[in-house]
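Open the model in a viewer and keep the sequence panel visible. The stops below each give a selection and then what is found there.

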Amino acid sequence: MKNPIYMDYNATCPARPAVIEAVSSAMATVGNPSSVHAQGRKARALVEEARVKVAALAGARARDVVFCSGGTEAANAVLRGAGAASLIISAIEHDSVRAAADVANVPVFILPVDESGVVSLSRLGELLADAPAPALVSVMYANNEMGAVQPIASIVELAKEHGAMVHSDAVQAAGKIPLDMAALGLDYMTLSAHKIGGPQGVGAVVLSPLAPLKALLVGGGQELGRRSGTENVAGVVGFGVAAIEALEHLADSESIEELRDSLEVQLRGHANDMVIVGGKAERLPNTSCIALPGVKGETQVMHFDLAGICVSSGSACSSGKVKSSHVLNAMGYAPEIAEASIRVSLGRETTETDIAAFVKAWKTLYDRTRGE
Ligand code: PLP
């Protein structure tokens, strides 16, 4: 059987060959980075080299990178460890931020988005005026389902006027658009290795030099007491290699965007009742959220799977149960659209042939459902 065509990069990005090589070589190195002997120092050096690389990706200092188990843990660490008296989170945050906010034991305010999926700055100003201080604003850099990029610089500016801290979940933005945490004045940024071609189960909290962080995990005091537990040396090494590769290949986003745009133009040319969700916003170059009214997202995903193409349903289905997407609901889409969307996310390995195969399969599905 032919290899499936992979168009689900926002779910996870294939591990880069250089990452696989570096991970396997790091696994062959014996040593706990906390041990003082020569082997321990070797492992420590690997971790610290990776820290420099991840810091470069984020635009931060190496000492402000705290390694952890992924984007989910990183978001939990920030929302529960920043010491905020209240949280203001956007309505389209990833479940890791939403669920962490729910258990943070402080008042949570939801920042709405417009029909393009972009947060309302005027509403943010009002919420900042009302929320108990110090507030932590958490707005993702770019959305995982439909790709809208958020006005982080303006959010930071507004938050600072009110003495609030700002976290941005940059899990999806990393490697797709440039990040510069220091220039933006962000207090916290969170990252995940597997979305940029690194290993799954590794991520980082990146802090500004003065940002507080009460450890979520306590124990041996690793990561300068900010996250206990023996570092995942091989995973962290793979993260570092993926970070450098992501930086080196940022310019590839242009050709990926051309492929994405060509896909959308071809679908639009065939059907005037399909919807590109968030299509009017500034979006991640690789992401397209496509709604085909009247056809459930899961049905569409199965159709593409049978055609040998991996895409995901726009509905949240992380635990196998499919529910209407909170992102599309927040953008004001009716259930007929919110439940009828799929997410196509491209990457460096996507080819024109892949796009042609997708378009062909999409048109087949469309014609069948419209009785043509
Ligand atoms: N944040 C966003 C925007 C994501 O898309 C994801 C993963 O889908 C996460 C956080 C969670 O990252 P991880 O899979 O590393 O826990």
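**Stop 1: a buried asparagine**

Select residues 71-81, which form helix α3, and pick out Asn76 within this helix. The model is a predicted one. Is Asn76 buried or exposed? Its relative accessible area is 13%, and because the cut-off for buried is under 20%, Asn76 counts as buried. Now show what surrounds the side chain and backbone of this residue. Beyond the neighbours within four places in sequence, Asn76 has contacts with Gly81, Ser96, Ala100 and Leu216.

**Stop 2: the cores**

Next, select Phe67, Ile88, Val137, Tyr141, Met189, Leu191 and Phe239. These are the residues with the most contacts inside the largest nonpolar core, which has 73 residues. Add residues 233-248: this is helix α8, and it supplies nine residues, the largest share of that core. Colouring by domain is useful here, since the core takes at least three residues from domain 1 (5-13 + 251-369) and at least three from domain 2 (17-248). Then select Leu259, Val344, Ile355 and Tyr366, which are among the 25 residues of another core, lying apart from the 73-residue one.

**Stop 3: a four-stranded sheet**

Switch to a cartoon view. In which order do the four strands of the open sheet run? The order is β9-β10-β13-β12, and the pairing is antiparallel. At the edges are β9 (275-276) and β12 (312-313), each of which pairs on one side only.

Select residues 287-291 and 341-345 together. These are β10 and β13, an antiparallel pair joined over five bridges. For one of the bridges, pick Ser288 and find Val344 in β13 as its partner. Val344 was also in the selection for the 25-residue core.

**Stop 4: helices on the sheet**

Select residues 253-270, helix α9, which lies across β9, β10 and β13. Its direction is at about 15° to β10. Move on to residues 297-306, helix α10, which packs on the sheet and touches β12 and β13. The angle between the directions of α10 and β13 is about 45°.

**Stop 5: cysteines**

Finally, select the cysteine sulfurs. How many disulfides are there? The count is zero. Cys68 is in no disulfide, and the nearest cysteine sulfur, that of Cys13, is 19 Å away. Cys68 is buried, at 8% relative accessibility. Cys310, by contrast, is partly exposed, with a relative accessible area of 23%.

Conventions:
Residues numbered from 1 in each chain as written. Predicted model: local features only at pLDDT ≥ 70, side-chain atom pairs only at ≥ 80, totals over all residues. Heavy atoms only, no water. Pairing = 2+ DSSP bridges. Helix = DSSP H or I, 4+ residues; strand = E, 2+ residues; numbered from the N terminus. Contact = heavy atoms within 4.5 Å. Axes fitted to C-alpha atoms, helices over the stretch in contact; angles between N-to-C directions. Core = buried A, V, L, I, M, F, W, Y, C linked by side-chain atoms within 4.5 Å. Buried < 20%, exposed > 50% of the residue type's maximum accessible area, 1.4 Å probe, protein only. Domains from an automatic or database assignment. Disulfide = S-S within 2.5 Å.
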